[in-house]
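Colleague: I am new to this structure and would be grateful for a close look at a single part of it, namely one pair of packed helices. Please set that part in the context of the whole.

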Amino acid sequence: MTATTTAAAAIARTYRDYDRPLWQRVLLTREMAIVALVIVVAVVATATVRGFGQPITVTYLLLDVMPILLIALPMTLIMITGEIDLSVASIVGLSSVLTGVLTAGGLPFELAAVVALVAGAVCGAINGFLVTVVGLPSLAVTIGTLALFRGLAVGLLGTTAITDFPDFWTDLAKARVGGSNVPVVLFVFLVLLVVFIVLLHFTPFGRGIYAIGLSKAAARFSGVHVERTKFVLFMLAGLVSALAGIFYTLRFGSARGDNATGLELQVIAAVVLGGVSVFGGRGAIHGVIAGVLLIGVLSSALRLANVTSDVINIITGALLVLSVVTSSFLVWLRKRRKAPGGTPRVEASTAG
């Protein structure tokens with residue numbers, strides 16, 4: 001396939017839905033379906049689960065999902081390019097340990113946090129280098145660095161925990177705005193949310209991210225620097241994961257090598273549930289945020305209903321599988337409807 005044909009196919013995939021009215025393109029989407037589902041689940045939980053409707057429940061729910069919300073932002077961009085990063089939770093643990101070890105060693109907490117952020121960016125750069133320069137698959141690379149970074153975290157601290165942190169920062173991590181139940185840390189997330197929304201949806205860099213996910217060849221043909229874009233995204237993932245690690249440490253008042261173990265699976269589940277294609281080229285920030293909140297609301301309601309964590313994991317996993325299967329079925333159905341006689345058009349099959 002020539003670069004021109006590939007580019008044309010990618011353009012067809014990008015713009016084939018623009019024959020619909022604007023209200024349909026905005027409201028009749030998978031992302032808005034997830035938003036509606038979050039509202040329905042929250043309303044049902046408020047009506048049926050004792051204590052769920054309490055304002056303090058919302059506070060703890062937001063604090064619980066905050067690391068997932070933070071990491072989901074760069075993960076969304078990475079997965080839209082068709083890549084994945086499984087090492088994010090290990091970077092959370094490593095940044096937590098670095099913050100604790102350096103603080104316990106006499107370094108001011110603020111400086112220790114900066115070092116942890118730099119370390120997170122370096123971890124992301126290692127992933128980016130191996131994927132973009134060496135040319136290794138991101139799945140294999142980040143499985144390896146998942147073990148590497150977690151091993152470093154556990155090796156630095158062993159099985160012990162560091163719990164001596166400045167009261168100002170630990171209180172701030174759990175503080176609420178005035179007399180409300182809105183956590184202060186939510187405003188940090190909102191700032192990052194605006195940055196990532198603008199970056200993905202309103203800049204040439206963001207359009208390049210979608211182009212890479214649709215077709216690397218077409219993206220290069222259009223002037224997108226594929227390797228540089230991916231490298232930047234992996235660095236951002238490492239940096240934001242380190243920030244999540246610092247918050248995780250302060251919120252629980254403990255730096256441990258096993259902090260956030262398994263968190264990467266929750267992040268990826270939320271991103272996929274929020275409408276990001278596992279094959280790249282599709283996704284939106286608001287859908288991902290809704291996916292995170294759906295998992296958070298569902299888990300919180302089930303815990304209050306005395307459902308065990310194993311059952312919650314089963315329900316979350318089943319929801320994710322159903323989401324992926326439904327998405328694939330809808331894509332297949334759309335192609336069947338657009339193709340005369342039930343045979344996929346050349347445009348659709350070429351783009352797939």
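Modeller: What follows describes one helix pair and its surroundings. This is a predicted model, in which local features need pLDDT of at least 70, side-chain atom pairs count only at pLDDT 80 or more, and totals for chains, interfaces and linings use all residues. Residues are numbered from 1 along each chain as its sequence is written, and side-chain values use heavy atoms, with hydrogens and water left out.

The protein comprises 16 helices and zero strands, these being DSSP runs numbered from the N terminus (helices: H or I, at least four residues; strands: E, at least two). The axes of H4 (residues 55–80) and H9 (residues 185–201) come within 11 Å and cross at roughly 15°; axes are lines fitted to C-alpha atoms over the stretch in contact, with angles from 0 to 180 degrees between N-to-C directions. H4 and H9 are therefore roughly parallel, a term for angles under 35 degrees.

Residues of H4, including Leu 62, Met 66 and Leu 73, meet residues of H9, among them Phe 189, Leu 193 and Phe 196; contact means heavy atoms within 4.5 Å. By class, this contact has 17 nonpolar, no polar and no charged residues. Nonpolar covers Ala, Val, Leu, Ile, Met, Phe, Trp, Tyr, Cys and Pro; Asp, Glu, Lys and Arg are charged, and the others, Gly among them, polar.

Met 66, Leu 73 and Phe 189 are also among the residues with the most contacts inside the largest nonpolar core, which has 85 residues. Such a core is a set of buried Ala, Val, Leu, Ile, Met, Phe, Trp, Tyr and Cys residues joined through side-chain atoms within 4.5 Å, where buried means under 20% relative accessible area (1.4 Å probe, protein chains only). H4 gives the most to this core, with 16 residues.

Key. Parallel < 35°, antiparallel > 145°, perpendicular 65-115°, else oblique. Buried < 20%, exposed > 50% of the residue type's maximum accessible area, 1.4 Å probe, protein only.
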